Amino acid sequence: MGLKPNTLAFIGLCNEYCQLLEGASETEAATFVSEALRLLPRIYISATDLDVVAIEEDYPEVDCYLEEEYYESVRRNVENLLGPDDVYLEVFEKEMKYSDTPIGASVSEGLCDLFQVFYNLISTIRYADESTIEAVLVGVKEDFTSYWSQILVNILRPLNNIRYNVLEEDDE
């Protein structure tokens with residue numbers, strides 16, 4: 001039967017995103033930001049469109065393949081690439097509504113939190129059979145709705161600002 005086209009598209013986009021972050025140290029900031037802004041909305045749409053059916057039994061967990069040192073290395077590379085533009089004010093923190101003090105967040109950390117999800121997914125399904133892939137994607141879809149969808153949309157705002165305000169100011 002084969003995997004559905006939207007499932008394959010989602011997996012492909014996740015893989016492309018991982019390659020983008022892993023290559024951050026070898027690219028220009030403008031190119032990196034443009035590519036991230038191209039991929040992230042497509043990943044969001046693909047994740048939303050994932051047509052996976054929850055199974056009665058527990059679905060297999062996405063294994064944790066990403067080691068902390070590698071996560072931190074990728075995060076530092078992105079942070080170095082973005083420089084001072086890595087920090088932004090976050091408005092969607094739960095504590096924000098009770099605080100008079102702005103809450104700072106890191107673009108590189110948000111991007112790497114997504115990287116962790118996608119890296120572990122790709123590593124888990126690399127040699128899995130079709131039924132295992134479908135089952136793992138049920139968990140990824142559930143995690144999308146409860147966790148990483150918010151990270152993804154939150155990170156679009158500062159990336160958009162870097163692309164259309166900061167980088168254009170640098171060109172002038």
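Let's call a residue buried when its relative accessible area is under 20%, exposed when it is over 50%, and partly exposed in between. With that scale in hand, here is a walk through this predicted model.

Start with the overall layout. The chain has 5 helices and 2 strands, and from the N terminus the order is α-α-α-β-β-α-α. Of its 172 residues, 42% are buried. If you look at contacts with a separation of 6 or more, 81% of them join residues 24 or more positions apart. On the outside, the chain exposes about 9,800 Å², and carbon and sulfur atoms supply 48% of that.

Now the inside. In soluble globular proteins, nonpolar side chains tend to be buried together. Here the largest nonpolar core has 50 residues, and the members touching the most others are Phe10, Tyr17, Leu21, Leu111 and Trp148. Helices H1 (5–22), H2, H3 (68–82), H4 and H5 each put in at least two residues, with H5 giving the most, at 12. Tyr17 is a good one to click on: leaving out residues up to four places away in sequence, Tyr17 touches Leu39, Leu40, Ile43, Leu111, Leu114, Phe115 and Phe118.

Three of those partners, Leu39, Leu40 and Ile43, are among the buried residues of H2, along with Phe32, Val33, Ala36, Leu37, Ser46 and Ala47. H2 itself covers residues 29–48, and its 28 Å from first to last C-alpha is close to the 28 Å expected for 20 residues at 1.5 Å a residue. An α-helix has 3.6 residues a turn, so residues three or four places apart point the same way.

H4 (residues 107–125) holds Asp113, an acidic residue worth a pause. Asp113 counts as buried because its relative accessibility is 19%, and the cut-off is under 20%. Beyond its neighbours within four places in sequence, Asp113 is in contact with Tyr71, Tyr147 and Ile151. Asp113 and Ile151 sit 38 residues apart in sequence, yet their C-alpha atoms are 7.9 Å apart.

On to the charged pairs. The whole structure has 7 salt bridges. In one of them, Arg38 pairs with Glu16, with 2.2 Å between the closest N and O atoms. Arg38 belongs to H2 and Glu16 to H1, so this pair ties together parts 22 residues apart in sequence. Arg38 is partly exposed at 30% relative accessible area, and Glu16 is also partly exposed, at 30%.

Another salt bridge joins Asp51 and Lys4, at 3.3 Å from N to O. Asp51 lies in the loop between H2 and H3, while Lys4 is in the segment before H1, so the link spans 47 residues of sequence. Asp51 is partly exposed at 43%, and so is Lys4 at 27%.

H3 has a pairing of its own: Arg76 and Glu72 meet at 3.8 Å, N to O. Being 4 residues apart, they are separated by about one helical turn. Both are partly exposed, Arg76 at 39% and Glu72 at 27%. They also belong to a network of salt bridges that takes in Arg75 and Glu79.

Last, the surface. Which residues form a nonpolar patch there? Tyr44, Ile45 and Val153 do, with about 240 Å² of accessible area together. Val153 comes from H5 (residues 130–171), and its relative accessibility of 34% makes it partly exposed.

Methods
Residues numbered from 1 in each chain as written. Predicted model: local features only at pLDDT ≥ 70, side-chain atom pairs only at ≥ 80, totals over all residues. Heavy atoms only, no water. Buried < 20%, exposed > 50% of the residue type's maximum accessible area, 1.4 Å probe, protein only. Contact = heavy atoms within 4.5 Å. Areas by Shrake-Rupley, 256 points an atom, 1.4 Å probe, with all protein chains shown as cover. Expected span 1.5 Å × (residues − 1). Patch = residues over 30% accessible without salt bridge, like charges linked within 9 Å, V, L, I, M, F, W, Y side chains within 5 Å. Salt bridge = Lys/Arg side-chain N within 4 Å of Asp/Glu carboxyl O. Core = buried A, V, L, I, M, F, W, Y, C linked by side-chain atoms within 4.5 Å.
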